Amino acid sequence: MSDIGAILLGLGDKLAAHVLLAAAALALGIAIALPMAVWAGQNRQVARASLGFASLVQTIPALALLALFFPILLSLRAVFGDGLPTLGFLPAFLALSLYALLPILRNTVTAREQMGTEVLEAADAVGMTFWQKLRLVEAPLAAPYIMAGIRTAAVWTIGAATLSTTVGQPSLGDPIFAGLQTQNWALVLAGCFASAGLALVADALLGAVERGFARRKNWMVWTGLALALAGIGTAAWNQRAQAGDDDRVVIAAKSFSEQYILAQLIGMQLERSGFEVAYRDGLGSAVVHNAVTTGAVDISVDYTGTLWTNVLKREDNPGREEIYRTLADYERETTGTLVLGRLGFENAYALAMRQDRARELGIATMDDLARVAPRLTIGGDVEFFRRPEWLAVRDAYGLRFAERKNYTATFMYNALTGGEADVISAYTSDGRIAADGLVVLDDPKGAFPSYDAMVLIAPETARDARLVAALQPLLGAIDVEAMRQANLMVDREDDKRSPREAAQWLAREIGL
(Lines give C-alpha, C1' and ligand atoms only; values in the text may rest on other atoms or scores of the structure.)
Protein backbone atom coordinates (compact mmCIF):
# COMPACT_ATOMS: atom_id res chain seq x y z
CA MET A 1 0.00 0.00 0.00
CA SER A 2 2.94 2.35 0.61
CA ASP A 3 3.85 2.02 -3.08
CA ILE A 4 0.34 3.01 -4.11
CA GLY A 5 0.42 6.00 -1.78
CA ALA A 6 3.74 7.18 -3.19
CA ILE A 7 2.46 6.80 -6.76
CA LEU A 8 -0.75 8.68 -5.93
CA LEU A 9 1.27 11.60 -4.59
CA GLY A 10 3.11 11.82 -7.90
CA LEU A 11 -0.02 11.93 -10.07
CA GLY A 12 -0.75 15.63 -9.63
CA ASP A 13 -0.09 16.63 -13.24
CA LYS A 14 -2.04 13.64 -14.60
CA LEU A 15 -4.95 14.44 -12.28
CA ALA A 16 -4.98 18.07 -13.38
CA ALA A 17 -4.95 17.11 -17.07
CA HIS A 18 -7.71 14.57 -16.41
CA VAL A 19 -9.89 17.13 -14.61
CA LEU A 20 -9.55 19.71 -17.38
CA LEU A 21 -10.25 17.19 -20.14
CA ALA A 22 -13.33 15.74 -18.42
CA ALA A 23 -14.66 19.20 -17.43
CA ALA A 24 -14.21 20.58 -20.95
CA ALA A 25 -15.86 17.55 -22.55
CA LEU A 26 -18.76 17.68 -20.09
CA ALA A 27 -19.23 21.41 -20.71
CA LEU A 28 -19.40 20.88 -24.47
CA GLY A 29 -21.77 17.95 -23.97
CA ILE A 30 -24.07 20.18 -21.89
CA ALA A 31 -23.82 23.01 -24.44
CA ILE A 32 -24.93 20.67 -27.22
CA ALA A 33 -27.47 18.55 -25.31
CA LEU A 34 -29.57 21.28 -23.66
CA PRO A 35 -30.49 23.30 -26.81
CA MET A 36 -31.04 20.03 -28.65
CA ALA A 37 -33.40 18.90 -25.88
CA VAL A 38 -35.36 22.18 -26.08
CA TRP A 39 -35.71 21.71 -29.83
CA ALA A 40 -36.67 18.06 -29.31
CA GLY A 41 -39.43 19.20 -26.95
CA GLN A 42 -41.02 21.08 -29.84
CA ASN A 43 -40.56 18.44 -32.51
CA ARG A 44 -40.95 14.65 -32.13
CA GLN A 45 -38.81 13.90 -35.20
CA VAL A 46 -35.94 15.91 -33.75
CA ALA A 47 -36.40 14.05 -30.46
CA ARG A 48 -36.21 10.66 -32.18
CA ALA A 49 -33.24 11.64 -34.34
CA SER A 50 -31.20 13.25 -31.55
CA LEU A 51 -31.82 10.46 -29.05
CA GLY A 52 -31.09 7.88 -31.73
CA PHE A 53 -27.78 9.54 -32.56
CA ALA A 54 -26.76 9.86 -28.90
CA SER A 55 -27.69 6.22 -28.28
CA LEU A 56 -25.71 5.13 -31.35
CA VAL A 57 -22.63 6.93 -30.03
CA GLN A 58 -22.95 5.02 -26.77
CA THR A 59 -22.84 1.70 -28.62
CA ILE A 60 -19.35 2.53 -29.93
CA PRO A 61 -16.67 1.45 -27.44
CA ALA A 62 -15.00 4.53 -25.98
CA LEU A 63 -11.55 3.34 -27.09
CA ALA A 64 -12.73 2.96 -30.69
CA LEU A 65 -14.46 6.35 -30.61
CA LEU A 66 -11.22 7.99 -29.47
CA ALA A 67 -9.22 6.22 -32.17
CA LEU A 68 -11.72 7.18 -34.90
CA PHE A 69 -11.08 10.87 -34.33
CA PHE A 70 -7.46 10.44 -35.45
CA PRO A 71 -8.31 9.73 -39.14
CA ILE A 72 -11.22 12.18 -39.00
CA LEU A 73 -9.01 15.05 -37.87
CA LEU A 74 -6.28 13.96 -40.26
CA SER A 75 -8.71 14.26 -43.18
CA LEU A 76 -9.89 17.66 -41.90
CA ARG A 77 -6.37 19.00 -42.31
CA ALA A 78 -7.21 19.39 -45.98
CA VAL A 79 -9.67 22.10 -44.86
CA PHE A 80 -8.08 23.60 -41.74
CA GLY A 81 -4.40 23.15 -42.59
CA ASP A 82 -1.56 21.09 -41.12
CA GLY A 83 -1.80 22.96 -37.83
CA LEU A 84 -4.94 21.08 -36.84
CA PRO A 85 -3.97 18.72 -33.99
CA THR A 86 -4.76 15.08 -34.64
CA LEU A 87 -3.49 13.78 -31.31
CA GLY A 88 -3.72 14.75 -27.68
CA PHE A 89 -6.39 17.00 -26.24
CA LEU A 90 -8.55 17.73 -29.31
CA PRO A 91 -9.54 14.17 -30.34
CA ALA A 92 -10.06 13.17 -26.71
CA PHE A 93 -12.16 16.28 -26.04
CA LEU A 94 -14.42 15.71 -29.07
CA ALA A 95 -14.90 12.00 -28.46
CA LEU A 96 -15.70 12.41 -24.76
CA SER A 97 -18.12 15.26 -25.49
CA LEU A 98 -20.11 12.94 -27.74
CA TYR A 99 -19.99 10.30 -25.03
CA ALA A 100 -21.49 12.73 -22.51
CA LEU A 101 -24.51 13.57 -24.67
CA LEU A 102 -26.91 10.70 -24.03
CA PRO A 103 -27.67 10.96 -20.28
CA ILE A 104 -28.05 14.74 -20.40
CA LEU A 105 -30.23 14.68 -23.49
CA ARG A 106 -32.41 11.79 -22.39
CA ASN A 107 -32.99 13.16 -18.88
CA THR A 108 -33.85 16.60 -20.23
CA VAL A 109 -36.29 15.24 -22.80
CA THR A 110 -37.85 12.98 -20.16
CA ALA A 111 -38.21 15.89 -17.74
CA ARG A 112 -40.03 17.88 -20.40
CA GLU A 113 -42.36 14.95 -21.11
CA GLN A 114 -43.15 14.48 -17.39
CA MET A 115 -44.22 18.06 -16.78
CA GLY A 116 -47.90 18.47 -15.94
CA THR A 117 -49.83 19.79 -18.90
CA GLU A 118 -51.90 21.98 -16.58
CA VAL A 119 -48.77 23.86 -15.53
CA LEU A 120 -47.73 24.49 -19.12
CA GLU A 121 -51.28 25.46 -20.08
CA ALA A 122 -51.41 27.87 -17.15
CA ALA A 123 -48.20 29.50 -18.35
CA ASP A 124 -49.74 29.89 -21.79
CA ALA A 125 -52.95 31.22 -20.26
CA VAL A 126 -51.20 34.09 -18.47
CA GLY A 127 -49.58 35.09 -21.76
CA MET A 128 -45.99 33.96 -21.22
CA THR A 129 -43.79 34.01 -24.29
CA PHE A 130 -41.81 30.89 -25.31
CA TRP A 131 -38.65 32.16 -23.60
CA GLN A 132 -40.48 33.26 -20.45
CA LYS A 133 -42.12 29.84 -20.12
CA LEU A 134 -38.78 28.11 -20.75
CA ARG A 135 -36.87 30.24 -18.23
CA LEU A 136 -39.49 30.68 -15.48
CA VAL A 137 -41.44 27.40 -15.64
CA GLU A 138 -39.80 24.58 -17.57
CA ALA A 139 -36.17 25.12 -16.56
CA PRO A 140 -36.81 25.19 -12.77
CA LEU A 141 -39.05 22.10 -13.00
CA ALA A 142 -36.55 20.20 -15.18
CA ALA A 143 -33.38 21.26 -13.32
CA PRO A 144 -33.22 18.29 -10.88
CA TYR A 145 -33.68 15.81 -13.75
CA ILE A 146 -31.08 17.60 -15.88
CA MET A 147 -28.58 17.56 -13.01
CA ALA A 148 -29.16 13.84 -12.55
CA GLY A 149 -28.22 13.37 -16.22
CA ILE A 150 -25.17 15.61 -15.83
CA ARG A 151 -24.05 13.57 -12.79
CA THR A 152 -24.25 10.36 -14.83
CA ALA A 153 -22.44 11.98 -17.76
CA ALA A 154 -19.71 13.30 -15.45
CA VAL A 155 -18.99 9.85 -14.00
CA TRP A 156 -18.97 8.26 -17.48
CA THR A 157 -16.70 10.98 -18.88
CA ILE A 158 -14.20 10.77 -16.03
CA GLY A 159 -14.00 6.99 -16.43
CA ALA A 160 -13.69 7.09 -20.23
CA ALA A 161 -11.08 9.85 -20.05
CA THR A 162 -8.54 7.28 -18.81
CA LEU A 163 -8.55 5.91 -22.38
CA SER A 164 -7.34 9.23 -23.78
CA THR A 165 -3.81 8.05 -22.97
CA THR A 166 -3.97 6.00 -26.19
CA VAL A 167 -4.27 9.15 -28.33
CA GLY A 168 -1.50 10.99 -26.55
CA GLN A 169 -3.48 13.02 -24.00
CA PRO A 170 -2.03 12.82 -20.48
CA SER A 171 -4.59 11.47 -18.02
CA LEU A 172 -5.01 9.11 -15.08
CA GLY A 173 -4.95 6.37 -17.72
CA ASP A 174 -1.16 6.81 -17.97
CA PRO A 175 -0.36 4.80 -14.81
CA ILE A 176 -3.11 2.29 -15.61
CA PHE A 177 -1.81 1.48 -19.09
CA ALA A 178 1.83 1.50 -17.96
CA GLY A 179 0.99 -0.79 -15.05
CA LEU A 180 -0.94 -3.23 -17.23
CA GLN A 181 1.94 -3.53 -19.69
CA THR A 182 4.59 -4.02 -17.02
CA GLN A 183 2.40 -5.98 -14.59
CA ASN A 184 2.98 -3.31 -11.98
CA TRP A 185 -0.30 -3.62 -10.12
CA ALA A 186 0.51 -0.77 -7.75
CA LEU A 187 0.51 1.57 -10.76
CA VAL A 188 -2.78 0.14 -12.01
CA LEU A 189 -4.46 0.44 -8.60
CA ALA A 190 -3.14 3.97 -8.08
CA GLY A 191 -4.59 5.07 -11.42
CA CYS A 192 -7.90 3.35 -10.69
CA PHE A 193 -8.12 4.81 -7.18
CA ALA A 194 -7.38 8.31 -8.46
CA SER A 195 -9.93 8.07 -11.28
CA ALA A 196 -12.60 6.55 -9.03
CA GLY A 197 -11.93 9.13 -6.32
CA LEU A 198 -12.26 11.96 -8.83
CA ALA A 199 -15.54 10.51 -10.12
CA LEU A 200 -16.93 10.21 -6.57
CA VAL A 201 -15.98 13.78 -5.71
CA ALA A 202 -17.55 15.11 -8.93
CA ASP A 203 -20.69 13.06 -8.31
CA ALA A 204 -20.95 14.37 -4.74
CA LEU A 205 -20.58 18.02 -5.79
CA LEU A 206 -23.04 17.70 -8.67
CA GLY A 207 -25.37 15.76 -6.35
CA ALA A 208 -25.39 18.74 -3.99
CA VAL A 209 -26.37 20.96 -6.91
CA GLU A 210 -29.12 18.52 -7.88
CA ARG A 211 -30.54 18.45 -4.34
CA GLY A 212 -30.32 22.21 -4.20
CA PHE A 213 -32.52 22.49 -7.29
CA ALA A 214 -34.95 19.86 -6.00
CA ARG A 215 -35.33 21.49 -2.55
CA ARG A 216 -35.16 25.07 -3.83
CA LYS A 217 -32.09 25.74 -1.68
CA ASN A 218 -29.85 28.09 -3.60
CA TRP A 219 -26.98 27.86 -1.12
CA MET A 220 -26.59 24.14 -1.94
CA VAL A 221 -26.55 24.93 -5.66
CA TRP A 222 -23.94 27.65 -5.36
CA THR A 223 -21.78 25.74 -2.88
CA GLY A 224 -21.63 22.68 -5.14
CA LEU A 225 -20.89 24.78 -8.21
CA ALA A 226 -18.28 26.89 -6.41
CA LEU A 227 -16.37 23.85 -5.14
CA ALA A 228 -16.48 22.21 -8.59
CA LEU A 229 -15.22 25.38 -10.26
CA ALA A 230 -12.52 25.75 -7.61
CA GLY A 231 -11.26 22.25 -8.46
CA ILE A 232 -11.25 23.01 -12.18
CA GLY A 233 -9.47 26.31 -11.53
CA THR A 234 -6.78 24.58 -9.47
CA ALA A 235 -6.25 22.05 -12.27
CA ALA A 236 -6.00 24.86 -14.83
CA TRP A 237 -3.42 26.65 -12.68
CA ASN A 238 -1.37 23.46 -12.44
CA GLN A 239 -1.51 22.95 -16.21
CA ARG A 240 -0.59 26.60 -16.80
CA ALA A 241 2.53 26.07 -14.73
CA GLN A 242 3.30 22.92 -16.72
CA ALA A 243 2.75 24.78 -20.01
CA GLY A 244 5.46 27.21 -18.94
CA ASP A 245 7.97 24.42 -19.55
CA ASP A 246 7.65 24.66 -23.34
CA ASP A 247 11.33 23.96 -23.79
CA ARG A 248 11.01 20.40 -22.52
CA VAL A 249 11.87 17.65 -24.98
CA VAL A 250 8.89 15.29 -25.24
CA ILE A 251 9.80 11.61 -25.64
CA ALA A 252 7.09 9.23 -26.83
CA ALA A 253 6.72 5.56 -25.98
CA LYS A 254 4.43 2.83 -27.22
CA SER A 255 2.58 0.68 -24.73
CA PHE A 256 5.11 -2.01 -23.83
CA SER A 257 8.00 -2.34 -21.42
CA GLU A 258 10.87 -1.95 -23.90
CA GLN A 259 9.48 1.36 -25.11
CA TYR A 260 9.13 2.69 -21.56
CA ILE A 261 12.73 1.70 -20.79
CA LEU A 262 14.17 3.22 -23.98
CA ALA A 263 12.23 6.45 -23.44
CA GLN A 264 13.71 6.71 -19.95
CA LEU A 265 17.18 5.91 -21.29
CA ILE A 266 16.93 8.67 -23.89
CA GLY A 267 15.52 11.03 -21.28
CA MET A 268 18.40 10.37 -18.88
CA GLN A 269 20.92 10.90 -21.66
CA LEU A 270 19.35 14.26 -22.54
CA GLU A 271 19.13 15.30 -18.88
CA ARG A 272 22.86 14.68 -18.54
CA SER A 273 23.33 17.18 -21.39
CA GLY A 274 21.19 19.79 -19.68
CA PHE A 275 17.83 19.25 -21.40
CA GLU A 276 14.53 19.11 -19.56
CA VAL A 277 12.37 16.19 -20.68
CA ALA A 278 8.78 15.01 -20.51
CA TYR A 279 7.32 11.63 -21.42
CA ARG A 280 4.24 10.71 -23.44
CA ASP A 281 3.73 7.00 -22.75
CA GLY A 282 1.26 4.36 -23.89
CA LEU A 283 0.70 5.49 -27.50
CA GLY A 284 -0.28 3.17 -30.35
CA SER A 285 2.13 2.41 -33.22
CA ALA A 286 0.40 4.62 -35.79
CA VAL A 287 -0.09 7.37 -33.23
CA VAL A 288 3.60 7.44 -32.28
CA HIS A 289 4.79 7.71 -35.87
CA ASN A 290 2.30 10.45 -36.70
CA ALA A 291 3.19 12.29 -33.49
CA VAL A 292 6.91 12.45 -34.20
CA THR A 293 6.59 13.25 -37.91
CA THR A 294 4.20 16.14 -37.17
CA GLY A 295 6.17 17.45 -34.20
CA ALA A 296 3.53 16.58 -31.59
CA VAL A 297 6.39 14.82 -29.78
CA ASP A 298 10.12 15.32 -30.26
CA ILE A 299 11.62 11.84 -30.13
CA SER A 300 10.42 8.27 -30.51
CA VAL A 301 11.89 4.82 -30.96
CA ASP A 302 10.39 2.75 -33.74
CA TYR A 303 11.22 -0.44 -35.58
CA THR A 304 12.12 -0.86 -39.23
CA GLY A 305 9.71 -3.74 -39.83
CA THR A 306 6.81 -1.81 -38.28
CA LEU A 307 7.31 1.23 -40.51
CA TRP A 308 8.10 -0.95 -43.54
CA THR A 309 4.69 -2.63 -43.37
CA ASN A 310 2.52 0.04 -41.72
CA VAL A 311 3.82 3.23 -43.34
CA LEU A 312 5.37 2.10 -46.62
CA LYS A 313 2.80 -0.73 -47.03
CA ARG A 314 5.57 -3.01 -48.30
CA GLU A 315 5.24 -6.79 -48.02
CA ASP A 316 8.57 -7.79 -49.60
CA ASN A 317 11.78 -8.35 -47.67
CA PRO A 318 14.81 -6.90 -49.52
CA GLY A 319 17.08 -7.38 -46.52
CA ARG A 320 17.97 -5.57 -43.31
CA GLU A 321 20.24 -2.85 -44.72
CA GLU A 322 17.98 -2.05 -47.67
CA ILE A 323 14.92 -1.73 -45.44
CA TYR A 324 16.72 0.69 -43.11
CA ARG A 325 18.16 2.80 -45.93
CA THR A 326 14.80 3.02 -47.72
CA LEU A 327 13.01 4.08 -44.53
CA ALA A 328 15.60 6.74 -43.65
CA ASP A 329 15.33 8.19 -47.17
CA TYR A 330 11.53 8.08 -47.06
CA GLU A 331 11.30 9.95 -43.74
CA ARG A 332 13.82 12.57 -44.82
CA GLU A 333 12.14 13.23 -48.17
CA THR A 334 8.43 13.01 -47.21
CA THR A 335 8.09 14.06 -43.57
CA GLY A 336 11.42 15.76 -42.83
CA THR A 337 11.85 13.48 -39.82
CA LEU A 338 15.43 12.54 -38.96
CA VAL A 339 16.14 8.84 -38.61
CA LEU A 340 19.10 9.32 -36.30
CA GLY A 341 20.30 5.74 -36.40
CA ARG A 342 19.85 2.23 -35.06
CA LEU A 343 20.28 1.35 -31.40
CA GLY A 344 21.97 -1.95 -32.20
CA PHE A 345 19.34 -4.61 -31.56
CA GLU A 346 16.28 -6.01 -33.30
CA ASN A 347 12.91 -6.55 -31.67
CA ALA A 348 11.50 -8.73 -34.41
CA TYR A 349 8.28 -10.66 -34.53
CA ALA A 350 8.80 -14.41 -34.22
CA LEU A 351 6.68 -17.44 -33.42
CA ALA A 352 7.56 -19.08 -30.10
CA MET A 353 6.52 -22.22 -28.22
CA ARG A 354 7.19 -23.88 -24.88
CA GLN A 355 10.19 -26.20 -25.14
CA ASP A 356 8.29 -29.27 -23.92
CA ARG A 357 5.42 -28.68 -26.33
CA ALA A 358 7.77 -28.09 -29.30
CA ARG A 359 9.75 -31.23 -28.41
CA GLU A 360 6.55 -33.26 -28.04
CA LEU A 361 5.36 -32.21 -31.52
CA GLY A 362 8.81 -32.30 -33.16
CA ILE A 363 8.75 -28.62 -34.14
CA ALA A 364 11.88 -26.52 -34.71
CA THR A 365 10.95 -24.40 -37.74
CA MET A 366 7.85 -22.79 -39.15
CA ASP A 367 7.81 -25.46 -41.84
CA ASP A 368 7.48 -28.03 -39.04
CA LEU A 369 4.76 -25.94 -37.44
CA ALA A 370 2.69 -25.87 -40.64
CA ARG A 371 2.30 -29.69 -40.46
CA VAL A 372 0.51 -29.66 -37.10
CA ALA A 373 -0.94 -26.13 -37.03
CA PRO A 374 -4.56 -27.29 -37.72
CA ARG A 375 -4.49 -28.96 -34.27
CA LEU A 376 -3.02 -25.97 -32.39
CA THR A 377 -4.08 -22.62 -30.95
CA ILE A 378 -2.06 -19.51 -31.75
CA GLY A 379 -2.07 -16.37 -29.62
CA GLY A 380 -1.09 -12.93 -30.88
CA ASP A 381 -1.00 -9.41 -29.54
CA VAL A 382 -4.07 -7.30 -30.21
CA GLU A 383 -2.91 -6.14 -33.65
CA PHE A 384 -0.80 -9.08 -34.86
CA PHE A 385 -3.41 -10.91 -36.95
CA ARG A 386 -4.25 -7.68 -38.80
CA ARG A 387 -0.64 -6.92 -39.63
CA PRO A 388 0.90 -7.59 -43.06
CA GLU A 389 3.71 -9.55 -41.36
CA TRP A 390 1.24 -12.18 -40.19
CA LEU A 391 -0.37 -12.40 -43.62
CA ALA A 392 3.05 -12.81 -45.25
CA VAL A 393 4.10 -15.55 -42.79
CA ARG A 394 0.75 -17.29 -43.01
CA ASP A 395 0.90 -17.43 -46.79
CA ALA A 396 4.61 -18.29 -46.99
CA TYR A 397 4.21 -21.37 -44.79
CA GLY A 398 0.54 -22.16 -45.33
CA LEU A 399 -0.23 -21.78 -41.63
CA ARG A 400 -3.81 -22.67 -40.71
CA PHE A 401 -4.50 -22.95 -36.99
CA ALA A 402 -7.48 -24.51 -35.23
CA GLU A 403 -8.04 -21.33 -33.20
CA ARG A 404 -6.66 -17.81 -32.93
CA LYS A 405 -6.76 -15.71 -29.75
CA ASN A 406 -5.76 -12.13 -29.03
CA TYR A 407 -4.06 -11.00 -25.82
CA THR A 408 -2.24 -7.94 -24.61
CA ALA A 409 1.51 -8.37 -25.04
CA THR A 410 1.92 -9.09 -21.34
CA PHE A 411 -0.79 -11.72 -21.00
CA MET A 412 0.18 -13.42 -24.26
CA TYR A 413 3.21 -14.97 -22.54
CA ASN A 414 1.09 -16.03 -19.58
CA ALA A 415 -1.31 -17.73 -22.01
CA LEU A 416 1.56 -19.72 -23.55
CA THR A 417 3.09 -20.85 -20.27
CA GLY A 418 -0.37 -21.61 -18.89
CA GLY A 419 -1.28 -23.82 -21.85
CA GLU A 420 -4.09 -21.63 -23.23
CA ALA A 421 -2.10 -21.16 -26.44
CA ASP A 422 0.36 -23.49 -28.17
CA VAL A 423 2.17 -20.80 -30.18
CA ILE A 424 2.47 -17.04 -29.72
CA SER A 425 3.75 -14.10 -31.73
CA ALA A 426 6.73 -13.31 -29.50
CA TYR A 427 9.22 -10.45 -29.69
CA THR A 428 12.86 -11.44 -30.03
CA SER A 429 14.16 -8.89 -27.50
CA ASP A 430 11.63 -9.89 -24.86
CA GLY A 431 13.29 -11.11 -21.69
CA ARG A 432 10.48 -13.58 -21.07
CA ILE A 433 11.74 -15.76 -23.95
CA ALA A 434 14.76 -16.75 -21.87
CA ALA A 435 13.00 -16.52 -18.51
CA ASP A 436 10.20 -18.86 -19.61
CA GLY A 437 12.53 -21.16 -21.58
CA LEU A 438 10.70 -20.60 -24.87
CA VAL A 439 11.76 -21.86 -28.30
CA VAL A 440 11.82 -19.30 -31.12
CA LEU A 441 10.98 -21.14 -34.33
CA ASP A 442 13.35 -20.73 -37.28
CA ASP A 443 12.08 -18.75 -40.26
CA PRO A 444 13.99 -20.36 -43.18
CA LYS A 445 11.99 -18.47 -45.81
CA GLY A 446 12.71 -15.07 -44.24
CA ALA A 447 9.03 -14.17 -44.15
CA PHE A 448 9.39 -11.77 -41.21
CA PRO A 449 11.18 -8.50 -42.10
CA SER A 450 13.94 -7.06 -39.89
CA TYR A 451 12.96 -4.95 -36.88
CA ASP A 452 15.94 -2.76 -36.05
CA ALA A 453 15.15 -0.36 -33.22
CA MET A 454 15.93 3.17 -34.39
CA VAL A 455 15.63 6.69 -33.05
CA LEU A 456 13.37 9.17 -34.87
CA ILE A 457 13.56 12.92 -34.25
CA ALA A 458 10.83 15.38 -35.24
CA PRO A 459 11.68 17.77 -38.11
CA GLU A 460 12.00 20.94 -35.98
CA THR A 461 13.78 19.20 -33.12
CA ALA A 462 16.30 17.63 -35.52
CA ARG A 463 17.71 21.11 -36.16
CA ASP A 464 19.06 21.17 -32.59
CA ALA A 465 22.63 20.02 -33.16
CA ARG A 466 23.32 19.79 -29.42
CA LEU A 467 20.39 17.42 -28.91
CA VAL A 468 21.41 15.28 -31.89
CA ALA A 469 24.97 15.09 -30.57
CA ALA A 470 23.75 14.12 -27.10
CA LEU A 471 21.99 11.04 -28.49
CA GLN A 472 24.88 9.80 -30.63
CA PRO A 473 26.37 7.56 -27.86
CA LEU A 474 23.18 5.47 -27.89
CA LEU A 475 23.56 4.42 -31.53
CA GLY A 476 24.71 0.85 -32.01
CA ALA A 477 25.30 0.53 -28.27
CA ILE A 478 22.55 -1.89 -27.19
CA ASP A 479 22.76 -5.56 -28.11
CA VAL A 480 19.75 -7.83 -27.93
CA GLU A 481 20.96 -9.66 -24.80
CA ALA A 482 21.24 -6.41 -22.84
CA MET A 483 17.80 -5.33 -24.02
CA ARG A 484 16.30 -8.69 -23.05
CA GLN A 485 17.78 -8.40 -19.57
CA ALA A 486 16.45 -4.87 -19.13
CA ASN A 487 13.00 -5.93 -20.35
CA LEU A 488 13.00 -8.89 -17.98
CA MET A 489 13.76 -6.61 -15.01
CA VAL A 490 10.46 -4.84 -15.66
CA ASP A 491 8.38 -7.84 -16.74
CA ARG A 492 9.36 -10.49 -14.19
CA GLU A 493 7.12 -11.33 -11.25
CA ASP A 494 9.75 -11.13 -8.49
CA ASP A 495 12.23 -8.34 -7.75
CA LYS A 496 10.46 -6.22 -10.32
CA ARG A 497 12.15 -2.96 -11.35
CA SER A 498 10.60 0.20 -12.73
CA PRO A 499 11.36 1.23 -16.36
CA ARG A 500 13.53 4.03 -14.93
CA GLU A 501 15.57 1.57 -12.85
CA ALA A 502 15.94 -0.78 -15.82
CA ALA A 503 17.08 2.15 -17.97
CA GLN A 504 19.66 3.09 -15.34
CA TRP A 505 20.98 -0.50 -15.40
CA LEU A 506 21.05 -0.46 -19.20
CA ALA A 507 22.93 2.85 -19.22
CA ARG A 508 25.62 1.37 -16.97
CA GLU A 509 25.74 -1.78 -19.11
CA ILE A 510 26.49 0.18 -22.29
CA GLY A 511 28.94 2.50 -20.56
CA LEU A 512 26.99 5.75 -20.39
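**Notebook: pockets, a strand, cavities and rings**

I began with the second largest pocket, which has a volume of about 1100 Å³. The model I am reading is a predicted one.

I looked up what surrounds this pocket. The lining of the second largest pocket has 34 residues, and Ser-255, Gly-284, Ser-285, Val-382 and Glu-383 are the ones nearest its centre. I noted the elements that give two or more residues to this lining: helices H4 (62-80), H8 (173-182), H12 (285-293), H13 (304-310) and H18 (409-417), together with strand S2 (277-283). Sorted by class, the lining of the second largest pocket holds 19 nonpolar, 10 polar and five charged residues.

**Strand S6**

I turned to strand S6, residues 377-381, and asked how many of its residues are buried. The count is five of five, and I wrote the strand down as mostly covered. Both faces of S6 are covered: Thr-377, Gly-379 and Asp-381 are buried on one side, Ile-378 and Gly-380 on the other.

Next I checked the partners of S6. Strand S7 (residues 403-407) pairs with S6 in the parallel sense, over five bridges. In that pairing I found Thr-377 opposite Glu-403 of S7. Strand S8 (residues 423-427) also pairs with S6 in the parallel sense, over two bridges. There, Ile-378 stands opposite Val-423 of S8. I also traced a right-handed β-α-β unit made by S6, helix H17 (residues 388-397) and S7.

**Cavities**

I then looked for enclosed space. Rolling a probe the size of a water molecule over the atoms shows where empty space is left. I found two cavities of 30 Å³ or more in the structure.

The largest cavity holds about 110 Å³ of space. Its lining has 13 residues, with Phe-256, Ser-257, Tyr-427, Asp-430 and Arg-432 nearest the centre. Helix H11 (257-272), H18 and helix H21 (480-491) each give at least two residues to this lining. By class I noted three nonpolar, six polar and four charged residues around the largest cavity.

The second largest cavity has a volume of about 60 Å³. Residues lining it include Trp-308, Arg-314, Asp-316, Pro-388, Glu-389 and Pro-449. H13 and H17 are the elements that give two or more residues to this lining. Which element gives the largest share of the lining of the second largest cavity? That is H17, with three residues. The lining of the second largest cavity divides into five nonpolar, two polar and four charged residues.

**Aromatic rings**

Last, I went through the rings. The structure holds 12 aromatic pairs. One of them, Phe-130 with Trp-131, is edge-to-face, at 5.1 Å centre to centre and 80 degrees between the planes. I asked whether its members are buried or exposed. Phe-130 has 37% relative accessibility, so I entered it as partly exposed. Trp-131 has a relative accessible area of 60%, so I entered it as exposed.

For Phe-384 and Phe-385 I noted ring centres 5.3 Å apart and planes at 70 degrees, so this pair is edge-to-face. Phe-384 counts as buried because its relative accessibility is 0%. Phe-385 counts as buried because its value is 9%, and the cut-off for buried is under 20%.

I closed with one aromatic cluster, which includes Phe-384 and Phe-385. Among its other members are Phe-256, Tyr-303, Tyr-349, Trp-390 and Tyr-427.

Notes. Residues are numbered from 1 along each chain as its sequence is written. This is a predicted model: local features need pLDDT of at least 70, side-chain atom pairs count only at pLDDT 80 or more; totals for chains, interfaces and linings use all residues. Side-chain values use heavy atoms; hydrogens and water are left out. On a 1 Å grid over the protein atoms alone, a cavity is a set of points where a 1.4 Å probe fits but cannot get out, and a pocket is an open set with protein on both sides within 12 Å along at least five of seven lines; lining residues have an atom within 4 Å of a point. Grid points are joined across faces, edges and corners, and a volume is the space filled by probe spheres set on the points. Helices (H or I, at least four residues) and strands (E, at least two) are DSSP runs, numbered from the N terminus. Ala, Val, Leu, Ile, Met, Phe, Trp, Tyr, Cys and Pro count as nonpolar, Asp, Glu, Lys and Arg as charged, and the others, Gly among them, as polar. Buried means under 20% relative accessible area, exposed over 50%, partly exposed in between (1.4 Å probe, protein chains only). Two strands pair if DSSP finds at least two bridges between them. A crossover is right-handed if, with the strands pointing away from the viewer, the path from the first strand over the helix to the second runs clockwise. Rings of Phe, Tyr and Trp (its six-membered ring) pair if their centres lie within 6.5 Å; planes under 30 degrees apart count as stacked, over 60 as edge-to-face and the rest as tilted.
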